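Please look through the sequence and the 3D view that follow, and keep both at hand while reading. The paragraphs after them lead from one pair of charged side chains to the wider picture.

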Amino acid sequence: MRYRERRERPVDWAEYRTRAGHRWTVPFVAVDWVWEWVAHFLSHWAFLEALEYLSSFGVLVAVIFYFAESGERTRQRHLQMWQVMNTAQGKGGSGGRIEALKELNDDHVALVGVDVSGAFLRGVKLRKAELLRANFSAADARDGEFTEADFSFAEMQSGNFRNGKFERAILRDADGSDADFSAADFSGADLSRADFSNADLHGTDLRDIGWKTIKSMKATNIYGVKNAPEGFVDWALKNGAVQTAP
């Protein structure tokens, strides 16, 4: 807040005029002297000081309202993102869903049951997303970031998740049949009761996966898997998996 200092009474014109170094500068000095008097009178006007206080108070009120309404602005932004999702549902292409999903997830909004079937989501970043019962069937989510995401009971059949990052992700009871997970990273992922029948897992990183209760590996391609837990490959082959070079 500015402090208004009361100005001293200007000197008389006769004394002030002596500041003019040349005759031709006298009119300019006269104008300056007039403004000195104007400033002097205004500095004693309490109304102007009150206006300055009110102006500062108005700024404070505006700041308070800005932060008070931040929740409502966030809610409106989320509604817009969901509108993007709903408008594009069932359609091919991205339709703005890559950005909408990321923004919602970044704001820690649960994406439970979201339907992005058939969508183009290449490179989507959904780290730690809550995707329980989500529908990613036939979606193109190559190069996606799904680290620590929860895909429990999700529909992922026929989806393209090539080169995806699923480190420590949860795929309990997920349906990944006919999906392409080639070269994906499943390090530390929980695959309990997941269905990978006819899926392509060639070149995937299976370090420390939870695999002993996988629902189906029938016709699953496990060619060139990396860091597979001890006993996994033999178990998978016994349960119908194949090793077919791409």
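Which residue forms a salt bridge with K102? In this predicted model, the partner of K102 is D106, and the closest N and O atoms of the two side chains are 2.6 Å apart. Both residues belong to helix α5, where they sit four residues apart, about one turn of the helix. K102 has a relative accessible area of 34%, and because buried means under 20% and exposed over 50%, K102 counts as partly exposed. The same reasoning applies to D106, which is partly exposed with a relative accessible area of 41%.

Side chains of opposite charge can pair when their charged atoms come close. A search of the whole structure finds nine salt bridges, and another of them joins R77 to E103, with the closest N and O atoms 2.4 Å apart. Here R77 lies in helix α4, which covers residues 70-88, while E103 lies in helix α5, so this pair ties together parts that are 26 residues apart in sequence. R77 is partly exposed, with a relative accessible area of 29%, and E103 is partly exposed as well, at 25%. The pair also has a further member to consider, since R77, E103 and D107 are linked in a network of salt bridges.

A further salt bridge is formed by D173 and R193, whose closest N and O atoms are 2.9 Å apart. Both D173 and R193 are placed in the loop between α5 and α6, and, being 20 residues apart, they link distant parts of the chain. D173 is partly exposed, with a relative accessible area of 24%, and R193 is partly exposed too, with a value of 41%.

With these pairs in mind, the reader can turn to the overall plan of the protein. It has six helices and zero strands, so that, from the N terminus on, the elements run α-α-α-α-α-α. Of the 246 residues, 39% count as buried, a word that stands for a relative accessible area under 20%. Among contacts between residues at least 6 apart in sequence, 15% join residues at least 24 apart. The accessible surface of the protein comes to about 14300 Å², and 54% of this area belongs to carbon and sulfur atoms.

Two patches on the surface are worth finding in the 3D view. In one of them, K125, R127, K128 and K165 gather in a patch of positive charge. R127, one of these residues, is placed in the loop between α5, residues 97-106, and α6, residues 232-238, and its relative accessibility of 43% makes R127 partly exposed. The other patch is nonpolar and is formed by V31, V34, W35 and V38, which together have about 370 Å² of accessible area. W35 is found in helix α2, which covers residues 26-43. Because a residue counts as exposed when its relative accessible area is over 50%, W35, at 55% relative accessibility, counts as exposed.

How values were computed. Residues are numbered from 1 along each chain as its sequence is written. This is a predicted model: local features need pLDDT of at least 70, side-chain atom pairs count only at pLDDT 80 or more; totals for chains, interfaces and linings use all residues. Side-chain values use heavy atoms; hydrogens and water are left out. Patches are made of residues with over 30% relative accessible area and no salt bridge: like charges are joined within 9 Å, nonpolar side chains (Val, Leu, Ile, Met, Phe, Trp, Tyr) within 5 Å. Accessible areas come from the Shrake-Rupley method with a 1.4 Å probe; for residues, only the protein chains shown count as cover. A salt bridge is a side-chain nitrogen of Lys or Arg within 4 Å of a carboxyl oxygen of Asp or Glu. Lys and Arg count as positive and Asp and Glu as negative; His and the chain ends are not counted. The place of a charge is taken as NZ of Lys, CZ of Arg, CG of Asp or CD of Glu. Helices (H or I, at least four residues) and strands (E, at least two) are DSSP runs, numbered from the N terminus. Buried means under 20% relative accessible area, exposed over 50%, partly exposed in between (1.4 Å probe, protein chains only). Contact means heavy atoms within 4.5 Å.
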